[in-house]
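Reader: I would like a close look at a single part of this structure. Please take one sheet and follow what is attached to it.

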Amino acid sequence: MNKENSSQQTQKMPNSPLRVAVFGASGYSGSELLALLHHHAHFTVVKAYASERAQPVAWSSLAPQLAGRSSLIIEPFLGDLAALRHIDAAFLALPHEASAELAKQLIDQDIKVFDLSGAYRFKDATQFAATYGFTHPVPEFLPIANYMLAEFPQELSQLPLFSIPGCYPTAASLALLPVCESGLLAPASVPVITAISGVSGAGRAANLRTSFCEVSVQAYGVFQHRHRPEIANNLGLDVVFTPLIGPYPRGIVATCVAQLGPHVRAEEVHAVYQQAYAEKPFVRLVAQPPAVQHVAHTPFCDIFVAVEGQQLIVIAALDNLLKGAASQAVQAANRVFGLPVNAGFECHLGEFGGAE
């Protein structure tokens with residue numbers, strides 16, 4: 001991935017709080033977004049929307065552990081774009097089809113869009129249709145939408161549309177990009193990625209497969225999961241990706257196995273990871289395989305690297321609702337609006353620290 005850091009899209013730090021709206025605010029990722037933005041010194045949430053079929057509901061009654069005493073009301077979105085004319089940015093935690101349509105309407109209103117769905121993660125309309133099962137309504141946006149994997153920033157285009165990577169691709173890409181970009185893998189290596197996620201990854205809607213009494217450890221989407229081509233695009237090589245659902249609320253552990261080049265030594269591999277993440281406070285290199293409990297409710301990705309001969313195992317753990325969604329969206333907004341990298345996360349960084 002291109003790692004240019006400068007862009008005309010990035011603005012100077014604003015003097016007053018930026019006015020933002022959150023769509024899909026009643027879902028798990030949307031509610032986490034509300035919490036991050038609500039406590040962020042540089043943002044003010046002025047609108048929070050659920051689907052048009054929803055009834056107005058107090059955020060504090062829907063997610064009291066996040067909202068506290070906030071008086072914010074989550075409203076149904078009835079298509080009133082005029083109500084958003086003074087908004088600086090919109091965050092979309094919506095289904096792919098809804099985001100694909102709404103993003104253009106918001107951009108036409110001079111609103112910057114941060115999209116947590118998969119609607120704009122691919123550059124190619126044919127690959128998008130094959131992966132997501134519908135023809136993209138705005139295919140001309142795909143090649144110029146900005147893909148915002150926070151630790152590997154690309155040069156930003158002039159389109160104010162910022163696509164947040166999927167949760168599984170974030171874990172797998174952060175685990176393997178350092179060795180992929182350094183050319184340390186064997187030429188014929190096909191990484192094998194096995195990742196388990198908590199049930200919140202399936203969303204908030206009632207689902208028998210993810211209900212407490214029914215859920216178990218089970219693979220799904222074998223060879224068919226929509227995140228496989230996204231991971232392959234990020235790494236620049238084919239992968240075997242198997243996702244599993246786990247009987248716990250939130251968090252991903254991704255185990256990535258790959259073959260190193262014939263003369264690559266363990267010291268080189270560890271040095272590459274140290275260099276890649278030395279200045280990246282939301283990635284922590286750890287000495288033991290990370291657990292879900294180490295990253296749940298935090299914006300961090302913990303990475304463990306092990307080498308035996310020419311075999312490489314990298315294990316990454318992150319919170320699928322935060323680093324895999326909401327907190328990465330806020331990282332993207334910090335960059336786009338010229339804010340400090342740690343803006344909105346000061347308490348996390350102060351409590352948990354950076355890379356070890």
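In what sense do strand 12 and strand 15 pair, and over how many bridges?

Author: This is a predicted model, and what follows was computed from it. Strand 12 (residues 252–259) pairs with strand 15 in the antiparallel sense, over 8 bridges. One of the residues concerned is Cys 256, whose bridge partner in strand 15 is Val 314. Strand 15 covers residues 311–318, and 6 of its 8 residues are buried.

Strand 15 also runs antiparallel to strand 14 (residues 301–308), to which 8 bridges join it. Strand 14 and strand 15 form a hairpin with 2 residues between them. Gly 309 sits in that turn and has a positive phi of about 65°. At the hairpin, Glu 308 has Gln 311 in strand 15 as its bridge partner.

The wider sheet is open and has 7 strands, in the order 10-11-9-12-15-14-13, with mixed pairing. Strand 10 (218–219) and strand 13 (283–285) stand at the edges; each has a single partner strand, so one side of each lacks a neighbour in the sheet. The parallel sense is found between strand 9 and strand 11 (residues 240–245), which pair over 6 bridges. Within that pairing, Ile 196 has Leu 244 in strand 11 as its bridge partner.

Next, the surface. Val 192 belongs to strand 9 (residues 192–197). Val 192 counts as partly exposed because its relative accessibility is 37%, which lies between the limits of 20% and 50%. Together with Val 257 and Ile 313, Val 192 makes a nonpolar surface patch of about 190 Å².

The cysteines can be taken together. The structure has 0 disulfides, a disulfide being a pair of cysteine sulfur atoms within 2.5 Å. Cys 180 is in no disulfide, as the nearest cysteine sulfur, that of Cys 256, is 9.6 Å away. For Cys 167, the closest cysteine sulfur is in Cys 301, and because the two are 12 Å apart, they are too far from each other for a bond. Cys 167 has 15% relative accessibility and therefore counts as buried.

Now the charged pairs. There are 10 salt bridges in the structure. One of them joins the side chains of Glu 32 and Arg 250, at 2.8 Å from N to O. This pair links distant parts of the chain: Glu 32 is in helix 1 (residues 28–38), while Arg 250 is in the loop between strand 11 and strand 12, 218 residues apart. Both Glu 32 and Arg 250 are buried.

Asp 238 forms another salt bridge, with Arg 228, and the closest N and O atoms are 3.6 Å apart. Asp 238 lies in the loop between helix 7 (227–235) and strand 11, and Arg 228 lies in helix 7, so this pair ties together parts 10 residues apart in sequence. Asp 238 is partly exposed, at 46% relative accessibility, whereas Arg 228 is buried, at 18%. Salt bridges with shared partners join Glu 32, Arg 250 and Asp 319 into one network.

A further salt bridge leads to helix 10. The side chains of Glu 151 and Lys 323 meet there at 2.8 Å, N to O. Glu 151 is in the loop between strand 7 (146–147) and strand 8 (161–163), and Lys 323 is in helix 10, 172 residues apart. Both of these residues, Glu 151 and Lys 323, are buried. Helix 10 itself is mostly covered, with 15 of its 15 residues buried. Helix 10 (residues 322–336) has a kink of about 40°, centred on Gln 328. After helix 10 comes Gly 338, with a positive phi near 70°.

Technical notes. Residues numbered from 1 in each chain as written. Predicted model: local features only at pLDDT ≥ 70, side-chain atom pairs only at ≥ 80, totals over all residues. Heavy atoms only, no water. Buried < 20%, exposed > 50% of the residue type's maximum accessible area, 1.4 Å probe, protein only. Bend = angle between axes of the 7 residues up to and from the residue. Helix = DSSP H or I, 4+ residues; strand = E, 2+ residues; numbered from the N terminus. Patch = residues over 30% accessible without salt bridge, like charges linked within 9 Å, V, L, I, M, F, W, Y side chains within 5 Å. Areas by Shrake-Rupley, 256 points an atom, 1.4 Å probe, with all protein chains shown as cover. Salt bridge = Lys/Arg side-chain N within 4 Å of Asp/Glu carboxyl O. Pairing = 2+ DSSP bridges.
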